[in-house]
Structures are given as structure tokens and as C-alpha cells.
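Reader: Please take one part of this model and go through it closely. I would like the salt bridges, with their surroundings.

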Amino acid sequence: MDAPNYGHNNGATSSHNQPPTYTQQEEHAPLIPKTNTDGKFTPDASYKDVWATVLFIGNIFGYFGLTYYSAKHFVNNPFTVLDDGTSVASNVFLADHAFIILALTSLAFTFSLSYGYFVLIQRYTAALVKISWFFSVFFLIAVGVLQILGGSLWGALSIVVGVLCLFLYKYWASRMAFSVLVLETVTSVTRKYPATLAVAFSGLVLQIIWCAIWIFGLVLNYQYFQTVSNCRPVDNKMVCDNNSLYIVMVYVNFVMFWNTEVIKNVIHVTISGVFGVYYFFEGSAAGAPASPTLASAKRALTTSFGSICFGSLLIALLQTLRYILNSLRSDSDDGIQAFLAMCASCLLSMLEGLFEIFNKFAFTQVAMYGKPFVRAAKDTWELIKDRGIEALVNDSLVGNVLGMGTFAVALLSGFFGYIYVSIVQPSFYENQDKDFVMYAVIFVEMILGVAMMSIPNNVIDSGVTTTFVALAEDPQTLLDTKPELYHAIAEKYPEVSLNVRGQAVYH
């Protein structure tokens, strides 16, 4: 079923006062509110792409089964003998009060920076869009210069792209007003539904927990299969009698890639569902539910989970292929083979980036309409053919704002760590290699800043994508439910008067 057409069609007319009516059986019907359950919407009862869910669960069991098998055969000496003959636990971690204070104050500081930048986006959207564009261009040129100084000719490509962007500034500037309006709308919706930030935070925590579990399994599997394969260093290279270790490392990395993508996309689909509810029902006769986040999360974790696993699997396969090519490049003594592997890895990296953007739009279709992934992908392809340039430009401009904020927060977080260690002089700094500890603290602080900024970034990114997809698919609903916003967008983005099939919407 094609996207609903609410424009002039065979002389038919529509009312400005009533929003379009959907039935739950319509494939394009968005999240339908229930009037008898506190306004929460009813997810589609049918499960999509069940095979992908089964495969994902089987993959999880396979990973933990492999890790258990390795752990059962891996013998680790739990004690280390010190110079004075004392035995202590090898993995003991001694944290003094200064370390605990650093951890707590770092969390508070990075959270404050992230929230502060979120407020800046709300209040100075237009200025940040323009400043971040120039920042991204000059940063690209600076990176190119540094690469050339370091002996890499690839830096020339970065400089050329940066200079070309400067020459095309007028084109970018003509699209900035639309991005500004979308960002302002998304941040206002986020204030209305602050639970979206909680969803993003829970995703961050879950990713950290999963990374810790994966690293533990990685160490166990590597050490066991290194022994099984009789791997040993020869001329600064690892030589093994068989490929068991290599095959296991490929599988373990594939599990990491797939699980990470699934967690990220569950968060995206949940947040997109919330913004979809706002777009379709805020200002309508039915009205938007007061708190749609829980229902949207339920949908992402049940009926749409198979579609999320399916799309995430495709990205994970590309990432695994890149891992294999990078391994071949680093292990090869043949210069031509290493060069070909590097070129193939570079092409896969670009393909992965494009597919990430495609997936983001496809998962928005999954979130709003509950489509299976293949249908969502087909409809996304239609959208990209019709509005692809606008989608990429808008995504790039918003990404610049979020990227500049992440960079600034990371730098300030690292500077905070430097100031703290320099002034407090904690015991873990005094009793160790000072330069190493200082660099380690700064690095960890910067990582913490990036992680904390990912919370508002994920919400804003999902909200912007959802708003753009909804506008392209069904601008009529925005005109009917929020006419002031529609006309403000139409003034800055006239193409909004055409839906994704190129049919005009009445004004």
C-alpha cells in the first residue's frame, strides 16, 4: 500500500480541521492511541522478521557457550607474588577516596556540560548550525594538513573536500534555515517527553555492561584458543599451527558488532516512536498520549525486534568483513595483497557509512508504522530517490552541531581531569608513573565526555530523522494538526508541499 495521499486527487477535497483517519489494518497507520487506556497507543500485534530474532538469540547463546567452554579449560593464576614474598590477588583494584571523588565529580561535570550544550542548542540553534558548519570544514582541512605533515598524501583529499565545501557555502546556507527549525522543534518535543533522555541513558549503560561482558569473554577465548592453536611469536608476528584462534576471533568480533548495533537501534526505534506519536497525534482530535515512551519501547522489544535484528545484522556483516580485511592487511608480507586489502577496507568503510544512514531512516519507518525491515527498506529507498539530497544535507548539518558539541565536551572533560590531578595530587598519581597516569586520566575523562554527550545526541538525531521522514511521507498530517509549524517549515523548505510520491499537498 502506497503512502497516504492527502492532496488533490480527482477533484476530492479535504478538511483542514480534521486529521487523517487511519485504521489499525493500514500498513502506513502510525502508532494508534487507545482512548480507553490512558491514551497509550496499541502496537501492531503481529511479530515481524521472527527468523532474525531467533538467529540473534541463538547467536547470544552460542557466544556464551563458547566463553563457558574456554573458561572451563582456562587456568589462571589468581595470585601475584610481590618482591617481599607476599601473595596478592592479581586483579585487585585499590581505589582511594581521591579516585572516588574524581569519578563522582567527573560524572557530575560531564553531565552538566552535556545538559548545558543541550540548552544552548535550544536557545542558539541558528548560530550553532552556522558555527558548527565552519568548524567541521576547517577541522577537515586541519586534519588534512596534519596528515600531509605526517607523510600521508591522503591528507590532500581532506583539504580538497574542505575547500570545495567553502566554495559551496551558499548552497549549504540555503538549507540551514530548515535544519534550524527542525532542531528547534525536536528539542522542544524532548522537553515535553524527557523520558527519551532516560531511554538514551539506559542504552548507554547497557552498552557499557555489554562491552565489559564481551571483553571478559574475549580474553578467555583468546587465551584458550591461543594455547589450542599453539600460537607463538616469530619475527614479531604471531604464528599458529591452525586457524582455530583466527576463526574464533572473527566470530567473537561479529557478536560484538551485532549486539552493539541491536542495542543502538532499539534505542533509536524507541525514541523515533515517541517523536512519531507527537507528529501524528499532537493537536489531533484523538490527542497525543501523555507518556508514549514505555509503549514505544515495548514495541521495539517485541513486535519490531526482529526487524531491528535483521537490519543490524547487515551492518554487523559489513563490519566483520572490514575486520577480516584489516587483519589480512596487518598480517600480510605481500605489499600488493596488503594494498588491495586496504582499498577494499576503505570501500567497505564508505559503504558501511552510507548503509548506517539508510538503516537509520529505515528503522524510523519501522518505528512509526511497524513495517518488516524489507518493506521499510524499500520505502526508504523511494524516499531517498525523492528526497535523498535534502535528507543527507539535513543529516550533515545536524550532525555538525552534535559533533562540535561532542568535541567541545570531550576537550573540557579532559581538561577537568588534568586540573583535578594537578591540584589534588591523589595517591594513585603520586605512587605511579606520573606522565602515564596523567595521560590515562585525560583519556578516560574525554571518553566519559563523549559517552555522556551521546545521550542528548541520540535523542536529537532520532528526533530529527523521524521528523524528516514523517514530513516526506505525510506532510498533510502536520498541516492538519500543527498548521503554524507546517507553514513555518514550508516557508524555509518548499519541497514539503510534495509528499514522497511527488504529489502536492493543498494549502
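Author: What follows deals with the salt bridges and then with the nonpolar parts of the protein.

The model is predicted. The protein has 15 helices and six strands, and of its 507 residues 46% count as buried. Seven salt bridges are present in the structure.

Lys-360 and Asp-461 form one of them, with 3.1 Å between the closest N and O atoms. This pair links distant parts of the chain, since Lys-360 is in helix 10 and Asp-461 is in helix 13, 101 residues apart. Lys-360 has 14% relative accessibility and therefore counts as buried, the limit being under 20%. Asp-461, at 23%, is partly exposed.

Helix 10 (residues 335-369) also holds Glu-352. Glu-352 forms a salt bridge with Arg-322, and here too the closest N and O atoms are 3.1 Å apart. Because Arg-322 lies in helix 9 (residues 305-331), the pair ties together parts that are 30 residues apart in sequence. Glu-352 is buried, with a relative accessible area of 10%, whereas Arg-322 counts as partly exposed at 24%.

A further salt bridge joins the side chains of Glu-282 and Lys-192, at 3.8 Å from N to O. Glu-282 sits in the loop between helix 7 (244-281) and helix 8 (293-301), and Lys-192 belongs to helix 5 (residues 169-192); the two are 90 residues apart. Both residues are partly exposed: Glu-282 has 23% relative accessibility and Lys-192 has 43%. Salt bridges also link Glu-261, Lys-264 and Glu-356 in a network.

The nonpolar surroundings come next. The largest nonpolar core has 61 residues, and Ile-121, Leu-183, Ile-460 and Ile-489 have the most contacts inside it. Helix 13 (residues 434-473) gives the most to this core, with 11 residues. Leaving aside residues up to four places away in sequence, Ile-121 touches Leu-128, Leu-183, Thr-187, Val-401, Leu-402 and Ile-460. Another core, of 22 residues, lies apart from the largest one; Phe-56, Trp-258, Phe-305 and Phe-363 are among its members.

On the surface, Phe-64, Phe-201, Val-205, Ile-209 and Ile-213 form a nonpolar patch with about 400 Å² of accessible area together. Helix 6 (residues 195-228) gives the most to this patch, with four residues, while Phe-64 is found in helix 1 (residues 50-73). Phe-64 counts as partly exposed because its relative accessibility is 39%. The protein as a whole exposes about 25,500 Å², of which carbon and sulfur atoms supply 67%.

Terms used. Residues are numbered from 1 along each chain as its sequence is written. This is a predicted model: local features need pLDDT of at least 70, side-chain atom pairs count only at pLDDT 80 or more; totals for chains, interfaces and linings use all residues. Side-chain values use heavy atoms; hydrogens and water are left out. A nonpolar core is a set of buried Ala, Val, Leu, Ile, Met, Phe, Trp, Tyr and Cys residues joined through side-chain atoms within 4.5 Å. Buried means under 20% relative accessible area, exposed over 50%, partly exposed in between (1.4 Å probe, protein chains only). Contact means heavy atoms within 4.5 Å. Patches are made of residues with over 30% relative accessible area and no salt bridge: like charges are joined within 9 Å, nonpolar side chains (Val, Leu, Ile, Met, Phe, Trp, Tyr) within 5 Å. Accessible areas come from the Shrake-Rupley method with a 1.4 Å probe; for residues, only the protein chains shown count as cover. A salt bridge is a side-chain nitrogen of Lys or Arg within 4 Å of a carboxyl oxygen of Asp or Glu.
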